[in-house]
Amino acid sequence: MSKSSSNRFTDVYIQIGIKISYYRKLRGYSQAQLAEKANMSSGFLSQVEAPGMAVAISLEKLLSIAEALQIPPAKLLEFEEI
């Protein structure tokens with residue numbers, strides 16, 4: 001993937017991280033708790049959720065997070081128009 005291609009989705013990755021953080025807090029989970037439920041490191045989850053940080057996330061990880069949060073995966077991809 002070229003540099004321009006990876007930068008193309010920066011805003012999307014940031015928005016996904018914000019959504020994950022929102023639903024995690026809604027469920028009352030800490031990052032460590034969600035990471036354990038989703039079978040990933042809390043360090044990775046922390047990077048994904050970090051405000052302004054665009055971290056690529058695989059579909060498998062996205063699905064695992066949605067399952068751990070007990071929400072449809074599409075909820076993590078629904079963004080508000082600015």
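Two rings of Phe, Tyr or Trp count as an aromatic pair if their centres lie within 6.5 Å, and planes over 60 degrees apart make the pair edge-to-face. The exercises below concern a predicted model, and each one is followed by a worked solution.

**Exercise 1. Find how many aromatic pairs the whole structure holds, and decide which kind of pair Y22 and Y23 form.**

Step 1. A search through the whole structure gives one aromatic pair.

Step 2. The pair is made by Y22 and Y23, whose ring centres are 5.0 Å apart and whose planes stand at 80° to each other. Since planes over 60 degrees apart count as edge-to-face, the pair of Y22 and Y23 is edge-to-face.

Step 3. Turning to the surroundings of the two residues, Y22 is partly exposed, with a relative accessible area of 47%, whereas Y23 is buried, with a relative accessible area of 13%.

Step 4. Another ring to look at is that of F44, over which the charged end of K61 sits, 5.2 Å from the ring centre.

**Exercise 2. Work out which residues form the salt bridge, and where in the chain the two partners lie.**

Step 1. The count comes to one salt bridge, and its partners are R24 and E49, with the closest N and O atoms 2.8 Å apart.

Step 2. R24 belongs to helix α2 and E49 to helix α4, so that the bridge links distant parts of the chain, 25 residues apart.

Step 3. Is E49 buried or exposed? With a relative accessible area of 7%, E49 is buried, because buried means under 20% relative accessible area. R24 is buried as well.

Step 4. When residues up to four places away in sequence are not counted, E49 touches G17, I20, S21, R24, Q31 and L34, a list that includes its salt-bridge partner R24.

**Exercise 3. Determine how the buried residues are arranged around helices α4 and α5.**

Step 1. Begin with α4, whose buried residues are F44, L45, V48 and E49. These residues cover an arc of only 130° around the axis, and therefore they lie on the same side of α4.

Step 2. The cover over the buried residues of α4 includes α2, α3 and α5.

Step 3. Continue with α5, which runs over residues 59-69 and has L62, I65, A66, A68 and L69 as its buried residues. Seen down the helix axis, they fall within an arc of 160°, so they line one face of α5.

Step 4. The buried residues of α5 pack against α2 (10-27), α3 (31-37) and α4 (42-49), while the face turned away from the buried side carries the exposed residues L59, E60 and E67.

**Exercise 4. Describe which helices build the largest nonpolar core, and which of its residues touch the most other members.**

Step 1. The largest nonpolar core has 20 residues, and those touching the most other members are I20, L34, I57, I65, L69 and L76.

Step 2. At least two residues of this core come from each of α2, α3, α4 and α5, and α5 gives the most, with five residues.

Step 3. Take L76 as an example: leaving aside residues up to four places away in sequence, L76 touches I16, K19, I20, Y23, L62, I65, A66 and I71.

Step 4. A wider rule helps in reading such a core, namely that in soluble globular proteins nonpolar side chains tend to be buried together.

**Exercise 5. Explain what is unusual about the phi angles of N39 and Q70, and say where these residues lie.**

Step 1. Recall first that most residues other than glycine have a negative phi.

Step 2. N39, which is not a glycine, has a positive phi near 60°, and N39 is found in the loop between α3 and α4.

Step 3. Q70 is likewise not a glycine, and Q70 has a positive phi of about 60°; the position of Q70 is just after α5.

Step 4. Exposed means over 50% relative accessible area, so N39 counts as exposed at 71%, and Q70 is exposed too, with 61%.

Step 5. Finally, to place Q70 within the fold, consider P51: the two residues are 19 residues apart along the chain, and their C-alpha atoms are separated by 23 Å.

Terms used: Residues numbered from 1 in each chain as written. Predicted model: local features only at pLDDT ≥ 70, side-chain atom pairs only at ≥ 80, totals over all residues. Heavy atoms only, no water. Buried < 20%, exposed > 50% of the residue type's maximum accessible area, 1.4 Å probe, protein only. Helix = DSSP H or I, 4+ residues; strand = E, 2+ residues; numbered from the N terminus. Arc of directions from axis to C-beta. Contact = heavy atoms within 4.5 Å. Core = buried A, V, L, I, M, F, W, Y, C linked by side-chain atoms within 4.5 Å. Phe/Tyr/Trp six-rings, centres within 6.5 Å; stacked < 30°, edge-to-face > 60°. Lys NZ or Arg CZ within 6 Å of the ring centre and 35° of its normal. Salt bridge = Lys/Arg side-chain N within 4 Å of Asp/Glu carboxyl O.
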